[in-house]
Amino acid sequence: MKYYLVLFLIYVVNTLAFGQGISVSPSRIFFKGEAGQTVSQAITFSNTSASALNFVASLKDWDRDSLGNKVYYPPGRQSASNATWLSLSESTIHLNPGETKRINLSIAIPNDPKSKQLTNSMLFFTQVKEQQGAIATGLNVNVVVEIGIQVYHLPAGLAGGELEFLAFEDKGFIDLGIEQRVRRMQVKVKNTGKINKDAYVRFELTNTETGEETPVKAVAMAMLPNAEQWIKIDLPGKLVTGHYLAIAILDAGSQYDLKIAEKEITY
């Protein structure tokens, strides 16, 4: 069975956790050990609330769909999974009010071909409210909030590759609700490398007759190796009638070249 959960829901979950007085760090872990090694990383929990908090840990595999949304699977199911390599010093965490606690996440990297590629999994800490002292069994508990940590194994020597534009499409005007109309553009991006990448798609919209520029908010994106992904960009629904040049700029950081795509549109 697949488990679907969009990226912004993970953001909301983490925001709720912070709002309830709990922080967990880091949000992403990159292990860099080689085959045959066991490597550990500390995870820090801080309870700034006035109540005791309880968490239980679990693992899932994940990847992204064509729109960049996370898709979850049972642990060990995906070819790029490292879930079965992972172990925790504690799988049930109790935090008293004001307490900070660290636990260790370890990865035992096997001697097999998969250890030569980037692998990933998601470590969840689910906050539960104890009803009858049943935290360990998972019975009679209420799930309050869930926090996910992305866990990668990144062996040395993987090709960085590039992010490339594959397509630039104008989807026309779309009504999002009452008096909410946008002009939707979308670009298709491919990660040609063997490592995951974070990037921004910046957008410039210029009236070719007047030279006036319309500001457009940049879109953040994250891509796994060899993935292709559509990025949606919504332009204002109402602009001065005329011809415009739309420019998409793919920025993956200073170590990569900027990539540019252009398209002429008419309002």
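This report describes selected features of one predicted protein model, moving from a strand sheet to salt bridges, a pocket and a few single residues.

## The sheet of three strands

One open sheet in the predicted model is built from three strands in the order S12-S13-S17, and their pairing is antiparallel. Strand S12, which covers residues 163-177, and strand S17 are the edge strands, each of them pairing on one side only. From one strand to the next, the twist averages 20 degrees. The pairing between S13 and S17 is antiparallel and runs over nine bridges, and within this part of the structure Lys190 stands opposite Glu228 in S17.

## Salt bridges

The structure holds ten salt bridges, and three of them are set out in the table below, each with the distance from N to O.

| Salt bridge | Distance (N to O) |
|---|---|
| Arg181 and Asp175 | 3.6 Å |
| Asp234 and Arg184 | 2.7 Å |
| Asp251 and Arg202 | 2.7 Å |

The side chains of Asp234 and Arg184 meet in a salt bridge. This pair links distant parts of the chain, since Asp234 belongs to strand S17 and Arg184 to strand S13 (residues 180-191), with their positions 50 residues apart in the sequence. Is each partner buried or partly exposed? Asp234 has a relative accessible area of 33% and is therefore partly exposed, whereas Arg184, with a relative accessible area of 14%, is buried because buried means under 20%.

Asp251 and Arg202 form another salt bridge, in which the closest N and O atoms are 2.7 Å apart. Asp251 lies in strand S18 (residues 243-251) and Arg202 in strand S14 (residues 197-207), so this pair ties together parts of the chain that are 49 residues apart in sequence. Asp251 is partly exposed, with a relative accessible area of 22%, and Arg202 is likewise partly exposed, with a relative accessible area of 33%. Glu162, Glu164 and Lys259 are joined into one network by salt bridges that share partners.

In the salt bridge between Arg181 and Asp175, the nitrogen and oxygen atoms are 3.6 Å apart. Arg181 counts as partly exposed at 47% relative accessibility, while Asp175 counts as exposed because its relative accessibility of 58% is over 50%.

## The second largest pocket and Asn120

The second largest pocket has a volume of about 350 Å³. It is lined by 20 residues, of which Asp63, Ala80, Asn120, Leu224 and Pro225 are the closest to its centre. Strand S5, which covers residues 53-64, and strand S17 each supply at least two residues of this lining, and the largest share, four residues, comes from S5.

Asn120, one of the residues closest to the centre of this pocket, is found in strand S10 (residues 119-130). Its relative accessibility is 5%, and Asn120 therefore counts as buried. Which residues are in contact with Asn120 when its neighbours within four places in sequence are left aside? They are Trp62, Ala80, Ser81, Asn82, Val151 and Tyr152, and Ala80 is also among the residues closest to the centre of the pocket.

## Residues in loops

Asn196 lies in the loop between S13 and S14, and at 13% relative accessibility this residue counts as buried. Apart from its neighbours within four places in sequence, Asn196 is in contact with Arg28, Phe30, Leu118, Tyr152, Asn191, Met223, Leu224 and Pro225. Leu224 and Pro225 are also listed among the residues closest to the centre of the second largest pocket, and Tyr152 is in contact with Asn120 as well.

Two further loops hold backbone features that can be set against a general pattern. Most residues other than glycine have a negative phi, and most peptide bonds are trans. Asn226, however, has a phi near 60 degrees, a positive value in a residue other than glycine. Asn226 is found in the loop between strand S16 (219-223) and strand S17 (228-236), where it is partly exposed, with a relative accessible area of 40%.

The peptide bond that joins Ser25 and Pro26 is cis, with omega about 0 degrees. Pro26 has its place in the loop between strand S2 (22-25) and strand S3 (28-31).

Notes:
Residues are numbered from 1 along each chain as its sequence is written. This is a predicted model: local features need pLDDT of at least 70, side-chain atom pairs count only at pLDDT 80 or more; totals for chains, interfaces and linings use all residues. Side-chain values use heavy atoms; hydrogens and water are left out. Buried means under 20% relative accessible area, exposed over 50%, partly exposed in between (1.4 Å probe, protein chains only). Contact means heavy atoms within 4.5 Å. A salt bridge is a side-chain nitrogen of Lys or Arg within 4 Å of a carboxyl oxygen of Asp or Glu. Two strands pair if DSSP finds at least two bridges between them. Axes are lines fitted to C-alpha atoms, for helices over the stretch in contact, and angles run from 0 to 180 degrees between N-to-C directions. On a 1 Å grid over the protein atoms alone, a cavity is a set of points where a 1.4 Å probe fits but cannot get out, and a pocket is an open set with protein on both sides within 12 Å along at least five of seven lines; lining residues have an atom within 4 Å of a point. Grid points are joined across faces, edges and corners, and a volume is the space filled by probe spheres set on the points.
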